[in-house]
Amino acid sequence: QVQLVESGGGLVRPGGSLRLSCTASGRTFSTYAMGWFRQLPGKEREFVAAISRSGVNTNYGGSVKGRFTISRRDSENTVYLLMNNLKPEDTAVYFCGADRDAVFGYANPHSSTYDYWGQGTQVTVSS
């Protein structure tokens, strides 16, 4: 069992930046593809960004491409999401997920195939 803990959310003005972190328990972090998703109440979970095992490939949702950057540091069991030029429509609860069975090099955008999830962190973009 892997436990994921997100941090770094908060309130930020439009145009501002935040960096989210997600730290995993256990010793197999490097074997997982990792992803960030976001969700509003009553809505489906939306793909934000994913990174493959070893970080060789990344994948981004269309609405965040060019503004958000996903990265990972396997030595610290952590995946990051740097969010720049934030917009009010980025407001949501952000979740990180771990894909245990990802093929090497695949940055998985499909939330239904992720195996583990964190509890989420709120990001609010408002003036």
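## Asn84 and its surroundings

Let's start in the loop between E8 and E9, where Asn84 is found. In this predicted model, Asn84 has a relative accessible area of 30%, so this residue counts as partly exposed. Its side chain makes a polar contact with the side chain of Ser17, at 2.8 Å.

Ser17 also appears among the residues that Asn84 touches: leaving out those up to four places away in sequence, these are Gly16, Ser17, Arg67 and Phe68. For a sense of distance, you can look from Asn84 across to Ser7: the two are 77 residues apart in sequence, and their C-alpha atoms are 17 Å apart in space.

## Arg67 and Asp90

One of the residues touched by Asn84 is Arg67, which is worth a visit of its own. Arg67 forms a salt bridge with Asp90, and the closest N and O atoms of the pair are 2.8 Å apart. Arg67 sits in the loop between strand E6 (58-60) and E7, while Asp90 sits in the loop between E8 and strand E9 (92-99), so the salt bridge ties together parts that are 23 residues apart in sequence.

How accessible are the two partners? Arg67 has a relative accessible area of 9%, so Arg67 is buried. Asp90 is buried too, with a relative accessible area of 0%.

## Other salt bridges

Side chains of opposite charge can pair when their charged atoms come close. How many salt bridges does the structure hold? There are seven salt bridges in the structure.

Another of them joins the side chains of Arg72 and Asp74, with 2.8 Å from N to O. Arg72 is buried at a relative accessible area of 14%, whereas Asp74, at 27% relative accessibility, is partly exposed.

Asp101 and Arg100 also form a salt bridge, and here the closest N and O atoms are 3.8 Å apart. Asp101 counts as exposed, at 57% relative accessibility, while Arg100 is partly exposed at 43%. Elsewhere, Arg38, Glu46, Arg67 and Asp90 are joined into one network by salt bridges that share partners.

## Asn77 in its loop

Now turn to another asparagine. Asn77 is placed in the loop between strand E7 (68-73) and strand E8 (78-83). Is Asn77 buried or exposed? Asn77 is buried, because its relative accessible area of 16% is under the 20% cut-off for that label.

The side chain of Asn77 reaches the backbone oxygen of Gly26 at 2.7 Å. Gly26 is also one of the contacts of Asn77 once neighbours within four places in sequence are set aside; the list is Cys22, Thr23, Ala24, Ser25, Gly26 and Phe29.

## The chain as a whole

Stepping back, what secondary structure does the protein chain have? The chain comes to eleven strands and zero helices, so from the N terminus on you meet one β element after another.

The protein chain has 127 residues and a radius of gyration of 13 Å, which agrees with the value near 14 Å for a compact globule. Its C-alpha atoms fill a box of roughly 40 × 30 × 25 Å along the principal axes.

Of the 127 residues, 45% count as buried. The accessible surface comes to about 6,400 Å², and carbon and sulfur atoms account for 47% of that surface. Among contacts between residues at least 6 apart in sequence, 60% join residues at least 24 apart.

Notes
Residues are numbered from 1 along each chain as its sequence is written. This is a predicted model: local features need pLDDT of at least 70, side-chain atom pairs count only at pLDDT 80 or more; totals for chains, interfaces and linings use all residues. Side-chain values use heavy atoms; hydrogens and water are left out. Helices (H or I, at least four residues) and strands (E, at least two) are DSSP runs, numbered from the N terminus. Buried means under 20% relative accessible area, exposed over 50%, partly exposed in between (1.4 Å probe, protein chains only). A polar contact is a pair of N or O atoms within 3.5 Å; within protein, one must be able to donate a hydrogen and the other to accept it, and residues adjacent in sequence count only if both atoms are side-chain atoms. Contact means heavy atoms within 4.5 Å. A salt bridge is a side-chain nitrogen of Lys or Arg within 4 Å of a carboxyl oxygen of Asp or Glu. The radius of gyration is taken over C-alpha atoms; the globule rule is 2.2 Å times the number of residues to the power 0.38. Accessible areas come from the Shrake-Rupley method with a 1.4 Å probe; for residues, only the protein chains shown count as cover.
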